[in-house]
Every structure is written in structure tokens, then in C-alpha cells.
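Subject: Structure handover

Hello,

Here is the structure we talked about, with notes on what turned up in it. Please have it open while you read.

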Amino acid sequence: MLDFAKAIASGEEEQGAAPEKSQGFAMRPESSFYQAMSDVEALADSKSALVNLADNFEAFPGSMLVDEKGADAVAGVKAKYDVSPDGDLFLLAQIEIACPKETAMDLLWDGRATTVCKIWKSLVGSHEVIHEYTPTCRILHIKFAPPSLGAAAATSARDTSVIANKYSKTIVCHSIVSSHIPPVDGSENKKVQYVRGDTKVLGFVVEPTGPNSCSVSIACDFALNGGFDWWVTKLLFKCTGVAEMAAKSTATDVAKCLKRLRTACEALAKGDADIAM
């Protein structure tokens, strides 16, 4: 997805070029925390790619999330989804919000579990800031809500450990490996087993559209891992359309979460401390 975004910016996509797949910070070892924090070139590529995706929504080669009449499936939110040949889930969604850019950025960076789980409750089961290196760099452990789509409901839930960096108008997250965030074996909750997914990139772009308005975009490239890495599973899901349905279901959840984000941001902009989501 990041390579596609860079291709848009350089014009390669129109010429049919296929850029090589980038590994980014995916699953870096613990010893590279500070490398990940200071890898200026990689961080610049990620930020640029996210901005390019946000600016070129229509060019993103995914399926539009629409209802049977062709309208946005979740009113007010434009969303696209796709599944790579390797089985990665690609998501891109945008929403317009009547609040200053700073309000949206502050709420997106709010690491309190209560805030995150209220806004992203259909996707995130739990959220913990493991360590904050600087006010704009932290390590997170995110447990996603167990799947609920058909046969997927019987599979394991996913969790991920990421390093998150905040900039003036972007937030960029990538998976890392750390002994401080070992894989969850399910012992803390016998009903849920977790598989460590690979967040190749998860990011937000907040663009001001006026003094009291902004556009928020979210882009995600996520590898489910586990049994989904088996070639037989990939073939089965591709032939049956299950992967496409799962991506569409996730995109729908993301769109609903963005509407909750809008409700919260606009309430904060009006000075309403009691945010109802």
C-alpha cells in the first residue's frame, strides 16, 4: 500500500509500474526501538505515502464501501478496501469533521484506554501504552475485538505491538517485536486466543479544510498471520470470497468508528466535556 502511494506521487501508477514491496518497520526486533524512532528516511517515506493516499483517495485500487444503491455504506464516510495476494487487509477511509485540526490530532493521540475503546469499540478490545519515550513517540499493545463474521467467529482474535509516532498532521504506527509485549497465550481470558498480527502500517492524516474544520483519513495494511499464512487457507478464502467479505466487514467497522470520532471531536470543539459516543 505504501509503495502504491509513492507510485501515485511519482506518476508510476499511470505508467503501470509495479514498485517492490516495502517491509517498513514490520516486526522489527526490540533492540531497534531507537533505530525505529530515528530512522528518518523510513519515517519520511511512511508520512509521505500516507499523505499521498489521503490526497489520492479515488486512485486507490480498492473496492468502494457502498450500499445496494451505490451510496456510501456508512453515511458521511468514504471508504475503500482490498486484499493483497498475500492476504493482507488494505483499508483507506476519510471523513470530514467540523473541528480544528488540532482537536482531531489530540483525540487521535489520546492513549487512554477508555477513550480509544469508546471510539474504536467495534475494532479494539483493549489498548495499552506500554512506554512513552517522548511526547510524540510511544509503544502500544492493541488487542483487537474477536471476529464476528460467519466462520471467522471461531478463529483467534488478533493483537499487535506497535511503535507510534506523532507529527504535525500525521500519526504513523508500525509493528515491532518486544519482550515487554509477549504474544498473548489466552491464559488471561480462556474464551479468547490471540495471534500476533503484523501492522505493516497504520496511520492517520489530518488536513485542515478551514479554521474550524478538517478531513481525517485512516490507512491500514495489516497481515493476519496465524492460519491465514497457509497457502491452502489463502486459496480457500480467495475462491470463496471470505477474505473480501472480511475486508468489507472491517472497512464498515472502521467507517462507523470514524463517525464516533467525528461526534467526539465536534463535541470537544463546542466545549462539551461530556462526550457521548
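Residues 4-31 have a pLDDT under 50 throughout. The model is a predicted one, and it still shows 53 contacts beyond four places in sequence for that stretch. Please read those contacts with the low score beside them. Helix α1 (residues 2-10) has the lowest confidence in the protein, with a mean of 45. At the other end is helix α4 (residues 101-109), where confidence is highest, at 96. Over the protein, pLDDT averages 77, and 70% of the residues score at least 70.

Next, the nonpolar cores. The largest one contains 45 residues. Which of its residues have the most contacts inside it? They are Ile97, Leu108, Trp120, Val216, Ile218, Leu258 and Leu261. Helix α7 (residues 242-269) is the biggest contributor to this core, giving nine residues. There is also a second, separate core, made of 12 residues, among them Val51, Phe57, Leu92 and Val201.

Val216 is a useful residue to click on in the largest core. Leaving aside residues up to four places away in sequence, Val216 touches Ala93, Gln94, Ile95, Ile97, Ala104, Leu108, Val205, Val206 and Leu261. Three of these names, Ile97, Leu108 and Leu261, are also in the list of residues with the most contacts inside that core.

Then there is the matter of empty space. How many cavities of 30 Å³ or more does the structure hold? It holds one. The largest cavity has about 30 Å³ of space. Its lining is made up of Ala79, Lys80, Leu91, Leu92, Ala93, Ala251 and Val254. Strands β2 (77-83) and β3 (89-97) and helix α7 each supply at least two residues of that lining, and β3 has the largest share, with three. Two residues of this lining have come up already: Leu92 belongs to the second core, and Ala93 is touched by Val216.

Last, one polar residue. Ser175 sits in strand β7 (residues 170-175). Is Ser175 buried or exposed? Its relative accessible area is 0%, so Ser175 counts as buried, for which the cut-off is under 20%. The side chain of Ser175 takes part in a polar contact of 3.3 Å with the side chain of Thr160. A polar atom of the Ser175 side chain also lies 2.6 Å from the backbone nitrogen of Thr199.

Regards

Notes:
Residues numbered from 1 in each chain as written. Predicted model: local features only at pLDDT ≥ 70, side-chain atom pairs only at ≥ 80, totals over all residues. Heavy atoms only, no water. Helix = DSSP H or I, 4+ residues; strand = E, 2+ residues; numbered from the N terminus. Buried < 20%, exposed > 50% of the residue type's maximum accessible area, 1.4 Å probe, protein only. Polar contact = N/O pair within 3.5 Å; in protein donor to acceptor, adjacent residues only side chain to side chain. Core = buried A, V, L, I, M, F, W, Y, C linked by side-chain atoms within 4.5 Å. Contact = heavy atoms within 4.5 Å. pLDDT = per-residue confidence, 0-100. 1 Å grid on protein atoms, 1.4 Å probe; cavity = no way out; pocket = protein on both sides within 12 Å on 5 of 7 lines; lining within 4 Å. Points joined across faces, edges and corners; volume = space filled by probe spheres on them.
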